[in-house]
Amino acid sequence: MKVLKVPARTIAVFIVPCLLLYVCLVFVPILVSLYTGLLKWDGLTSAHFIGFGNFKEMFFHDPVFWPSVKRTLLYSVASMLEIPLCLGMAILLNRNLKKGNTLVSIYFTPVILSVVIIGQLWKTIYNPASMGGMLNGVLISLGLDSWTHNWLTEPKIAMFALYVVSLWQYFGYHLLIQYTGVQNIPDELYEAAKIDGADGFKADRYITLPLIVPIFKISIILAFIGSLQAFDLVMVMTAGGPAHATDVISTHMYNSSFMSFKYGYGSAIATFLVVVCLVFTAFINTIFNKLERKYT
């Protein structure tokens, strides 16, 4: 079979424009954010270079910063809890339903909805019973009055209420990824395993799980890194309140930059967020690369 050799100039014609666009839209803003993080600047008047002053304030003097980091990390960990469930459901759908695609499409519906719609929908669900809140209304009708809460205004509960909404919103997204991965495993492998006496969950242990590792890694990275950057849902539902109880890194960055007019300080928070995303992406990749080498 003759292999065609593509000239380097032809390859460059396709790669260079995309590479330049990527650099301009990703790396340049990161570098600009890093530089402005070294400035004392409100975004409007003249800026003053203060070195690492913003970072010192962020790490040692900001009472909101570290709690927001903790909530963001918990948010990210919570977002990964549904992925094993999605994988298990994908295996069951692929094994027991001939038209599992229809059910997966139904679960995927929240993903295509606007975040504003989702936020307003769940704010209505979480409303007090006196305001027509469905959740409290159902609890009262079941005689569980003591379980009712002001879900979005109680500091100890509000963040958990947001976790639930996020899990509901992206369940179908990760289910689709896992279901597609499971479907792409050749049936011949399961048939051969069945002949050798491995069927059902035993076949899943020795065939499905090892072969689904790369797809599982994609879901983990998307869920974790996406949750580190969580912003829109929090802003729509609570805007970081009450009393910063639901502030995450992105909302704290936004409030610092555009509400408090501390643009340089907000850029320092943004730089920290970029570094955290890169570190965790490298960490997750390292772990799953070892798993892939183990099972291949």
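The following exercises, each with a worked solution, concern a predicted model of a protein chain.

**Exercise 1. Overall description**

Determine how many helices and strands the protein chain has, and what share of its residues counts as buried.

*Solution.* Begin with the secondary structure: the protein chain holds 13 helices and 2 strands. Next, consider the extent of the fold. Along the principal axes, the C-alpha atoms occupy a box of roughly 70 × 70 × 30 Å. Then turn to burial: 38% of the 296 residues count as buried. The exposed surface of the protein chain amounts to about 17800 Å², and carbon and sulfur atoms supply 70% of this area. Finally, examine the contacts between residues at least 6 apart in sequence; 68% of them join residues at least 24 apart.

**Exercise 2. Charged side chains**

State how many positive and negative side chains the protein chain has, and which charged residues lie over the faces of Phe201 and Tyr265.

*Solution.* The count gives 20 positive and 15 negative side chains. The centres of these two sets are 8 Å apart. For the rings, take each in turn. Over the face of Phe201 lies Arg95, at 5.4 Å from the ring centre. Over the face of Tyr265 lies Lys262, at 4.6 Å from the ring centre.

**Exercise 3. Classifying two aromatic pairs**

Classify the pairs Phe52–Phe55 and Trp122–Tyr126 by ring geometry, and decide whether each of the four residues is buried or exposed.

*Solution.* Ring centres within 6.5 Å make a pair, and planes neither under 30 nor over 60 degrees apart make it tilted. Under this rule the model has 21 aromatic pairs. For Phe52 and Phe55, the ring centres are 6.0 Å apart and the planes stand at 55 degrees, so this pair is tilted. For Trp122 and Tyr126, the distance is 5.5 Å centre to centre with 50 degrees between the planes, and this pair is tilted as well.

The next step is accessibility, where under 20% means buried and over 50% exposed. Phe52 has a relative accessible area of 59%, so Phe52 is exposed. Phe55 has a relative accessible area of 12%, so Phe55 is buried. Trp122 is buried because its relative accessibility is 12%. Tyr126 is buried because its relative accessibility is 5%.

The last step places the second pair in the secondary structure. Trp122 and Tyr126 belong to helix H6 (residues 115–126) and are 4 residues apart there, which means that about one helical turn separates them.

**Exercise 4. An aromatic cluster**

Identify which residues form one aromatic cluster with Trp41.

*Solution.* The cluster joins Trp41 with Phe231, Tyr254, Phe258 and Tyr263.

**Exercise 5. Backbone features around helix H12**

Locate the cis peptide bond and the residues with a positive phi that are not glycine on either side of H12, and list the buried residues of H12.

*Solution.* Start before the helix. The loop between helix H11 (232–237) and helix H12 (249–259) contains Pro242. The peptide bond between Gly241 and Pro242 is cis, with omega about -5 degrees. The loop between H11 and H12 also contains His244. Although His244 is not a glycine, its phi is positive, at about 65 degrees. His244 is partly exposed, with a relative accessible area of 42%.

Proceed to the helix itself. In H12 the buried residues are Ile249, Ser250, Thr251, His252, Asn255, Ser256 and Ser257.

Continue past the helix. Just after H12, Phe261 adopts a positive phi of about 55 degrees. Phe261 is not a glycine, and it is placed in the loop between H12 and helix H13 (263–295).

**Exercise 6. Loop residues and distances**

Set the separation in sequence beside the separation in space for Leu113 and Gly88, and for Gly132 and Ser219.

*Solution.* First locate Leu113: this residue lies in the loop between helix H5 (100–112) and H6. Leu113 is partly exposed, with a relative accessible area of 34%. From Leu113 to Gly88 there are 25 residues in sequence and 25 Å in space, C-alpha to C-alpha.

Next locate Gly132, in the loop between H6 and helix H7 (134–141). Gly132 has a relative accessible area of 51%, so Gly132 is exposed. Gly132 and Ser219 are separated by 87 residues in sequence and by 36 Å in space, C-alpha to C-alpha.

Key
Residues are numbered from 1 along each chain as its sequence is written. This is a predicted model: local features need pLDDT of at least 70, side-chain atom pairs count only at pLDDT 80 or more; totals for chains, interfaces and linings use all residues. Side-chain values use heavy atoms; hydrogens and water are left out. Buried means under 20% relative accessible area, exposed over 50%, partly exposed in between (1.4 Å probe, protein chains only). A charge sits over a ring if NZ of Lys or CZ of Arg is within 6 Å of the ring centre and within 35 degrees of the ring normal. Contact means heavy atoms within 4.5 Å. Accessible areas come from the Shrake-Rupley method with a 1.4 Å probe; for residues, only the protein chains shown count as cover. Lys and Arg count as positive and Asp and Glu as negative; His and the chain ends are not counted. The place of a charge is taken as NZ of Lys, CZ of Arg, CG of Asp or CD of Glu.
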